[in-house]
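Okay, thanks for coming, everyone. I'd like to walk you through a structure you haven't seen before, so let me put it up on the screen.

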Amino acid sequence: MSNGRASTAVRRRGWFGAGRRPARRWWATRRARQVGAAALAVLLAITVLAVLNREPALRVSSHSIAGTPEPDGRRVLLDASLYLPEHTPAPAILLAHGFGGSKAGLDGQARTLARAGYVVLAYSARGFGASGGLIHLDSTRYEVADGYRMLDFLQARPEVRRAGDRPVIGVAGSSYGGALALMLGATDHRIGAVAADITWNDLAGSLFPNALSGIGQQIGVFKKLWAGYLFASGFSAAPAANADGGATPGGGASPGGGGTPGGGATPGGGATPGGGAAPGGSEAGSSSCGRFAADICTSYQQAVGGAPNLQLATLLAESSPSSVLSGMRAPTLLTQGEQDSLFPLSEADANARQIAAAGAQVQVRWRAGGHDAPGADDDVTSIQRRFFDQQLRGKAQSGKGESGKGESGKADTGKGESGKADTGFLIAQPGAGISATSGRTIDTTQRAAGYPGLPGQASFSRLPVVLHGDPQRISAPAGGSPAAVSTIPGLGDLVGGAAGLGLGGAAGLSRLPGQSALFSSDPLPEPVRVIGSSEVRLTVTGGKTGLSTLFVSLHDLGPDGSDTLPARLVSPIRLTGEPGQARQVVARLPWIVAEVPAGHRLAVEVSTTDFGYQLPPAPDTYTIALGESLAPGSATLSVASLPVTEVRTGGARNWLIGAALVLLLCFAYGWWRLRSRRPSSADPALVQVPIVVENLAKVYADGYRAVDGVSFRVERGQVLGLLGPNGAGKTTTLRVLMGLILPTSGSIRVFGHEVVPGAQVLSRLGAFVEGPGFLPHLSGRENLRLFWAASGRPVEQAQFETVLEIAGLGESLERRVKTYSHGMQQRLAIAQAMLGLPDVLVLDEPTNGLDPPQIAEMRVVLGRYAATGRTVIVSSHLLAEVEQTCSHVVVMHRGRLVAAGSVAEVAGSGSSQLAVDDVDRAREVLAAAGVPSRAVPARRALEDVFLDLIGERVD
C-alpha cells in the first residue's frame with residue numbers, strides 16, 4: 001500500500017519538489033476551456049472587424065482647373081478636389097454633382113470611393129459653388145467640354161493607372177451630373193465605365209412631357225413647378241467675380257447643397273424666377289438671370305408661357321444625352337428612382353434602349369427614392385462602387401489617341417475581371433418586406449432575368465384588366481385654379497399625408513370634386529405586380545379650343561376604402577383637334593412599381609388639373625368614357641408586369657462581418673449550453689402525457705419567489721383553467737412551459753421531454769399569451785402566413801382553412817389589422833395559436849374583448865378542440881366563464897398550488913357540510929328551536945370556492 005502511494009507521489013511531483021502535491025492545472029478544467037473558447041471567439045471577431053473597418057489613409061488636395069472660356073472669351077476656373085488612395089497607381093473616377101450643388105456635396109462619396117482604392121476627382125460645375133463661368137445646362141460646348149478638361153487633368157496624373165497608352169477612368173453623377181456622365185461617356189472614349197443616377201434622356205421631353213402612344217414630336221405639357229424650382233437655383237444670388245472671371249471661393253448659390261447623390265435645389269430655395277441679386281461676372285448682365293447664360297435665361301422666361309420656342313428646344317436638345325448616346329462605347333450603369341416626378345423611370349428606359357442600340361453594355365436598376373423622396377435613397381455609392389469594381393479593376397483597354405474625343409475605335413468589352421457582365425435587372429419593391437427589428441414595411445430588391453426591350457432580353461408582359469364606369473363629365477377651371485396636387489417637387493411624401501389633415505379624404509389633395517373621372521375594376525382574384533408603364537384606351541369628347549390638357553393615373557383601391565396613388569405620379573396628355581370632337585386616345589400611365597393585393601381594385605383616374613403643370617387659362621368641360629379594347633379579346637386597361645424573384649443583397653464585407661458574428665454567437669451559445677442543465681431524454685412513462693409539472697420553483701435575482709413547489713399534470717382531452725389572483729405565479733408558470741425562462745428548480749415536461757429554451761418539443765405547443773401582437777399594415781391573412789413562414793415548416797402543415805374557419809373572420813381577414821376591433825384581434829390571435837393544430841394550446845384571456853355570442857362560440861370551439869384528443873390551457877380571471885368552458889382547474893395563490901382537479905371536484909370542495917338522513921325531522925327540530933332553514937344546492941359556484949381557497953372572501 002505504501003509503495004503504491006509513494007509511486008503516486010513521485011508521478012505527481014512535477015516541478016515543485018518531491019512529496020508536495022502540485023497546484024491544480026486550472027486551464028485543464030471544463031469551465032476554463034469554456035471561458036477560453038469564448039474569449040478566443042471574441043478576440044477573433046474583434047480582429048476581423050478591426051481589419052475590415054480600418055480606414056485607409058487619404059490625401060486630399062484642392063485644384064483650380066481651367067474650363068472652357070465663355071463666348072466672350074472670358075477665362076473660367078473650375079474648383080476641384082483630388083482624393084488619392086493609400087496605394088497608387090489606381091483607377092480613377094470623375095464625380096459630377098446635381099443641379100444646385102457643388103463639390104462639397106460629393107465629399108462623402110469621394111472619400112468612400114478613395115478608401116476603396118480609387119483616385120477620385122470631384123469638382124463644382126461652372127456656375128455653381130466656387131467655380132466661375134455661367135450655367136449652360138450641360139451643353140456639349142461648355143459643361144461637357146469642361147469634363148474633357150477634367151479628364152485631361154486625370155490623364156496627366158501619375159497616380160492614375162494606365163492600360164497601354166490610356167488612363168483607366170470611370171465617371172459618375174446623379175441628376176444634372178448623371179446627364180453629364182452619360183454625355184462624357186458617349187463622346188470621350190477614354191472613359192471605361194459610366195454610372196448615371198436619376199437623370200434624363202431628353203430634357204425637352206422631361207420638362208414638356210406628353211403621355212400618349214405614338215405622339216411623335218408633339219409638344220407636351222409644361223412641368224412648370226419643377227422647372228421653376230430648378231431655375232430658381234441658378235437665379236439665386238451669384239458670387240462676386242474674381243480676376244479670372246471665376247468666383248470667390250466659398251461664394252455661390254447652393255440651395256440644397258447636393259449633399260446626397262443627385263442633391264440639388266431644395267424646393268422653395270433660392271430666388272423666384274425673375275428675381276435675384278446682381279450678376280457675378282455674367283454676360284447676361286441682368287439680375288433676373290443670376291448665373292445663367294443669357295440664351296438659357298431668355299428662353300426659359302419665354303417658355304413660362306407654356307410652350308418651348310425653337311431656341312429653347314434647340315438648347316434643351318443640346319443638353320440631352322439623347323443627342324449623343326449613339327456614340328456610347330463604355331459599359332453603363334443606369335440607376336433611376338421610383339419616387340421621381342422630375343425624371344421618372346421612362347427616362348432610364350429611353351437611355352437604356354439608346355445605349356444598347358449603340359452596341360454598349362448596359363445595366364439597369366430601379367431603386368427606392370428619387371427627386372421626390374431624397375431621404376429614401378438607398379446606398380447609391382455602394383451600387384456604383386460594385387459596378388466600377390466589375391468594370392475597372394484589372395481591365396485592359398484598347399484604343400487610339402490621347403484625348404479620345406470622337407474616336408471610333410473598338411468598343412470596350414466591359415466584362416471586368418470576371419469576364420461576364422451582369423445583365424440582371426434589379427428593382428426595388430416598395431413595402432414588400434418587413435423589418436425584423438421594427439416590424440415596419442421596408443423595400444426589398446427583386447431581380448428580373450434582364451431589362452425588358454433590350455436585344456435578346458425579355459419584354460414587359462401585359463395583363464388585361466376590365467374597367468367599369470359610365471361616361472363622366474368633368475370641368476377644368478380657369479387657369480387651373482384650384483388644382484389637384486399629386487406631388488410637390490422634392491416633398492412627394494408630404495402630399496400622401498394630407499388625408500390626415502382632412503384635406504380631400506383618402507386621396508389627399510389629388511382629387512377635387514367635379515375635376516376627375518374614375519373607372520375601376522372588379523376586386524382582383526389574386527395579387528397583381530405592376531412593373532412599368534400600363535396603358536388605357538379612353539374616349540375624350542369636348543373642349544372648346546381644340547387644345548386639351550388632361551392627367552391620367554393608376555390607383556390601388558382597398559376594400560376598406562383606402563385610395564393609394566403609387567409613387568404619387570400622374571401622366572399628362574395634351575390633345576389637339578377640332579373643338580368638341582370625340583377623340584380615341586391610348587394614354588401611357590406612369591412608370592411605377594407596385595404590388596396590388598388580392599381583393600383590391602385597380603382604377604384609372606382622369607383629371608383636368610395638376611398643381612405641378614402649366615394649365616390652360618380658359619375654363620373648359622370634357623366627357624370622359626372608356627374606349628374600345630386595346631386589342632381583340634383584351635380589356636381597356638393593359639397592366640405592365642414582369643416576372644421577378646426576390647434577392648438578398650450583401651457584399652463580401654457583409655458576409656465576413658456576419659461570419660464573425662455568427663462564430664461568436666456559436667461559441668457563446670455552446671458555452672451557455674454547457675453551463676446550463678442539459679435536457680434529459682424523454683421519460684418513457686410520460687410520452688403520452690401532455691404536461692407534467694414537478695416541484696416547479698422560480699426565484700428571481702431580487703429574491704422574489706414567484707413559484708414555489710408547484711406540481712400538477714394535464715391529460716389529453718382536458719380543457720384546464722389556470723386560476724389565481726395577480727401575483728399568483730400563473731404567468732411565470734406559463735413562461736417556463738413555453739421555454740421562455742428557466743426554472744430555479746423542478747421541471748415541466750411536455751410529452752415526456754423536459755422543457756428548456758429551444759427544445760424541439762415546443763413545436764407541439766401553440767400559444768397566445770399577454771395580448772395579441774400583429775403587424776398593423778398587413779391584412780389578417782398576411783399576418784397568419786408570415787407567422788407560419790417564420791416557423792420554417794411546410795405550408796401544407798399549417799391547416800389554414802381549418803383555422804380560418806374557426807376564427808370566423810370572413811371578409812375581414814383581407815383587411816389590414818389596424819382596422820380591427822380588439823375582439824377581432826383576439827380571434828385572429830387565437831387562430832394564429834391554432835396554426836398547425838398543435839397538441840397543446842395555451843391561451844391567455846382568450847375571451848377578452850369578445851361579445852357574449854362570440855364567447856359562447858369560443859366556448860364551443862375550445863371544447864371541440866379538446867374533444868379531438870388535444871389539450872387546452874386557459875388562463876382567465878372570468879371565473880364564471882372558466883366554470884362553463886373548462887373541464888379541470890388549477891388554482892394558484894402566492895406561488896403555491898392550493899387546489900387542482902376537475903371543476904366538479906373543486907367546486908364541491910371548501911368548508912365542510914352537515915348531512916342529515918331525515919330532512920323533515922331536522923326542519924321540525926330547527927323550527928322548534930327558533931332556527932330558520934331553507935334548502936340550498938350542495939355544489940357551490942366556482943367563484944365562491946375560489947375566494948375561500950385564497951382566503952379573500954368578503955362577507
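Let's start with a pair of helices, α17, residues 822-834, and α18, residues 852-867. Keep in mind as we go that this is a predicted model. Two packed helices are described by the angle between their axes and the distance between the axes. Here the axes of α17 and α18 come within 13 Å, and they cross at roughly 5 degrees. Angles under 35 degrees count as roughly parallel, so that's what we call α17 relative to α18.

Which residues actually meet there? From α17 we have Arg827, Ile830 and Met834. Across from them, α18 brings Gln854, Glu857, Met858, Val861, Leu862 and Tyr865. If you sort the residues of that contact by type, you get 6 nonpolar, 1 polar and 2 charged.

Now let me zoom out for a second. The protein has 955 residues, and buried ones make up 50% of them. There are 22 helices and 34 strands. If you take the contacts with a separation of 6 or more, 76% of them are between residues 24 or more positions apart. As for the outside, the protein exposes about 42,400 Å², and carbon and sulfur atoms supply 55% of that.

On to the inside. The largest nonpolar core has 56 residues, and the ones touching the most other members are Leu94, Leu121, Leu154, Met328 and Trp366. Which helix gives the most to this core? That's α4, residues 143-155, with 7 residues. Take Leu154 and skip anything up to four places away in sequence: Leu154 touches Leu82, Ala92, Leu94, Val119, Leu121, Val160 and Ile169. There's also a second, separate core, this one of 42 residues, including Met824, Leu843, Leu850 and Cys886.

Next, a couple of spots where distant parts of the chain come together. Val769 sits in the loop between β30 and α15. Along the sequence, Val769 and Glu845 are 76 residues apart, but C-alpha to C-alpha they're 7.9 Å apart in space. Leaving out neighbours within four places in sequence, Val769 is in contact with Met738, Val842 and Asp844.

The other spot is Ser346, in helix α10, residues 345-357. Ser346 and Ser206 are 140 residues apart along the chain, and their C-alpha atoms are separated by 9.5 Å. Ser346 counts as partly exposed because its relative accessibility is 24%, and partly exposed runs from 20% to 50%.

Let me finish with some backbone details. Where are the cis peptide bonds I want to show you? One joins Thr88 and Pro89, with omega about 0 degrees, and Pro89 is in the loop between β2 and β3. Another runs from Ser481 to Pro482, with omega near 5 degrees; Pro482 is in the loop between β14 and α12.

Then there are two residues that aren't glycine and still have a positive phi. For Ser175, phi is near 60 degrees, and for Phe751 it's about 50 degrees. Ser175 is in the loop between β7 and α5, while Phe751 is in the loop between β28 and β29. Are they buried or exposed? Ser175 is buried, at 6% relative accessible area, and Phe751 is buried too, at 1%.

That's my tour, so over to you for questions.

How values were computed. Residues numbered from 1 in each chain as written. Predicted model: local features only at pLDDT ≥ 70, side-chain atom pairs only at ≥ 80, totals over all residues. Heavy atoms only, no water. Axes fitted to C-alpha atoms, helices over the stretch in contact; angles between N-to-C directions. Helix = DSSP H or I, 4+ residues; strand = E, 2+ residues; numbered from the N terminus. Parallel < 35°, antiparallel > 145°, perpendicular 65-115°, else oblique. Contact = heavy atoms within 4.5 Å. Nonpolar A, V, L, I, M, F, W, Y, C, P; charged D, E, K, R; others polar. Core = buried A, V, L, I, M, F, W, Y, C linked by side-chain atoms within 4.5 Å. Buried < 20%, exposed > 50% of the residue type's maximum accessible area, 1.4 Å probe, protein only. Areas by Shrake-Rupley, 256 points an atom, 1.4 Å probe, with all protein chains shown as cover.
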